[in-house]
Amino acid sequence: MGKIIDDILKSLGGFALGNFLPAVILTLAGMAIIKIAMRIVNAMLRKSKLEKAAHSLIRSVVRTVLLVLLGLIVASSLGVDVTGIVALASVLTLAVSLSVQDLLTNVFGGFTLLYTHPFATGDYVEIAGQSGSVKEIGLTYTKLITPDNKHVSIPNSAVVSAEIVNYTVGGSRRAEIKISASYDAPVEAVLQALTDAADLEAVEKDPAPFVALNGYGDHAMEYVLRFWSKNEVYWDNYFAVMRRIKENFDAKGIEMTYPHLNVHLDKPRGVEPR
């Protein structure tokens, strides 16, 4: 490190006042070029499909890189040997990178999300066991808002490595409700009650709701009802159908059974009642 600093001090000795005016002209020309380049970058970002949250980050990174390059060019034009400066910057960059390794991993994860675009702001997703609407795709964290208004921040590195389920991207979502009914209830009556429960205006007609006998349990027969809804009315339809199932079962006298135990008391042999 000491040798690098000595090299920088020696390089400054080559500073020539006669190069000052050309350096000023070079700086002004470089700033004009950077301004034009940033306009091109902004135009490309507006036409891209990247998240808005990424625009400011990309602009900052590009501008910083261009300014550093311009600084090195201007220093070189003044007769300064930039080799030592570059070496010192490399060492400092390595030291900083090692100290903030986790942060950089999250930053790279954020860029990966913005490039692969598995979800967008406002999408309802499930990530690493957490479900909610995407509020923000930040530089280091992805923020979700759960249905009960909890704000969850997940590190971007964890998001990239996790399985992501996007419920919004398709425009609609399928609900599946499993219901048990007594063995005494006619199968057709149960199927009709479930079909009627899903007969709502907001429920998708294509594909139509699907009902079927799904299995035989110890105490009841299991039925399944599936229907599709637009994302914005999914939960409204889900809760409305759940309520209508109970109302239809009650109206048709269909019993929703639950586990029960029958106990039979037998009289011991050879014992006469008193």
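Helices here are DSSP runs of H or I with at least four residues, strands are DSSP runs of E with at least two, and both are numbered from the N terminus. Counted that way, the protein chain has eight helices and eight strands. This is a predicted model, in which local features need pLDDT of at least 70, side-chain atom pairs count only at pLDDT 80 or more, and totals for chains, interfaces and linings use all residues. Residues are numbered from 1 along each chain as its sequence is written, and side-chain values use heavy atoms, with hydrogens and water left out.

**Stop 1: colour by confidence**

Start by colouring the chain by pLDDT, the predictor's confidence in each residue, from 0 to 100. The protein chain averages 79, and 74% of the residues score at least 70. Now select helix H1 (residues 2-12): its mean pLDDT of 49 is the lowest among the elements, while H7 has the highest, 94. Over residues 12-16 the pLDDT is below 50, and beyond near neighbours in sequence this stretch has seven contacts in the model; a contact means heavy atoms within 4.5 Å. Where pLDDT is low, the predicted coordinates should not be read in detail.

**Stop 2: the whole chain**

Zoom out and show the surface. The accessible surface of the protein chain comes to about 17,900 Å², and 60% of it belongs to carbon and sulfur atoms; areas come from the Shrake-Rupley method with a 1.4 Å probe, and for residues only the protein chains shown count as cover. Of the 274 residues, 29% count as buried. Buried means under 20% relative accessible area, exposed means over 50%, and partly exposed lies in between (1.4 Å probe, protein chains only). Among contacts with a separation of 6 or more, 65% are between residues 24 or more positions apart.

**Stop 3: helix H7**

Select H7, residues 187-197. Which residues of H7 are buried? They are Val 190, Leu 191, Ala 193, Leu 194 and Ala 197. These residues sit on the same side of H7, because they cover an arc of only 160° around the axis, the arc being that of the directions from the helix axis to the C-beta atoms. An α-helix has 3.6 residues a turn, so residues three or four places apart point the same way. The cover over the buried residues of H7 includes S6, strand S7 (210-216), S8 and H8.

**Stop 4: the strands beside it**

Add strand S6 (172-181) and strand S8 (221-230). S6 and S8 run antiparallel and are joined by 10 bridges; two strands pair if DSSP finds at least two bridges between them. To find one such bridge, pick Arg 173, whose partner in S8 is Ser 229. Next, show S7, which pairs with S8 in the antiparallel sense over six bridges. Here Leu 213 stands opposite Tyr 223 in S8, and a hairpin of four residues joins S7 to S8.

**Stop 5: the largest core**

Show side chains now. A nonpolar core is a set of buried Ala, Val, Leu, Ile, Met, Phe, Trp, Tyr and Cys residues joined through side-chain atoms within 4.5 Å. The largest one has 23 residues, and Val 190, Val 241, Ile 245 and Phe 249 have the most contacts inside it. S6, H7, S8 and H8 each give two or more residues to this core. Centre on Val 190: not counting residues up to four places away in sequence, Val 190 touches Ala 181, Ala 185, Tyr 223, Phe 249 and Ile 254.

Then move to Asn 248 in helix H8 (residues 234-252). Why does Asn 248 count as buried? Because its relative accessibility is 19%. Leaving aside neighbours within four places in sequence, Asn 248 is in contact with Ala 193, Asp 196 and Ala 197.

**Stop 6: a separate core**

Apart from the largest core lies another, of 11 residues, including Leu 113, Val 134, Ile 137 and Val 159. Select Val 159 in helix H6 (residues 156-161), which is buried, with a relative accessible area of 0%. Beyond four places in sequence, Val 159 contacts Leu 113, Phe 119, Ile 127, Thr 142, Ile 154 and Ile 164. Val 159 and Leu 113 are 46 residues apart in sequence and 8.3 Å apart in space, C-alpha to C-alpha.

**Stop 7: the loops**

Finish with backbone details. Asp 206 and Pro 207 are joined by a cis peptide bond, with omega about 5°, and Pro 207 is in the loop between H7 and S7. Asn 149, in the loop between strand S3 (141-145) and strand S4 (151-155), has a positive phi near 70°. Asn 149 is exposed, with a relative accessible area of 55%.
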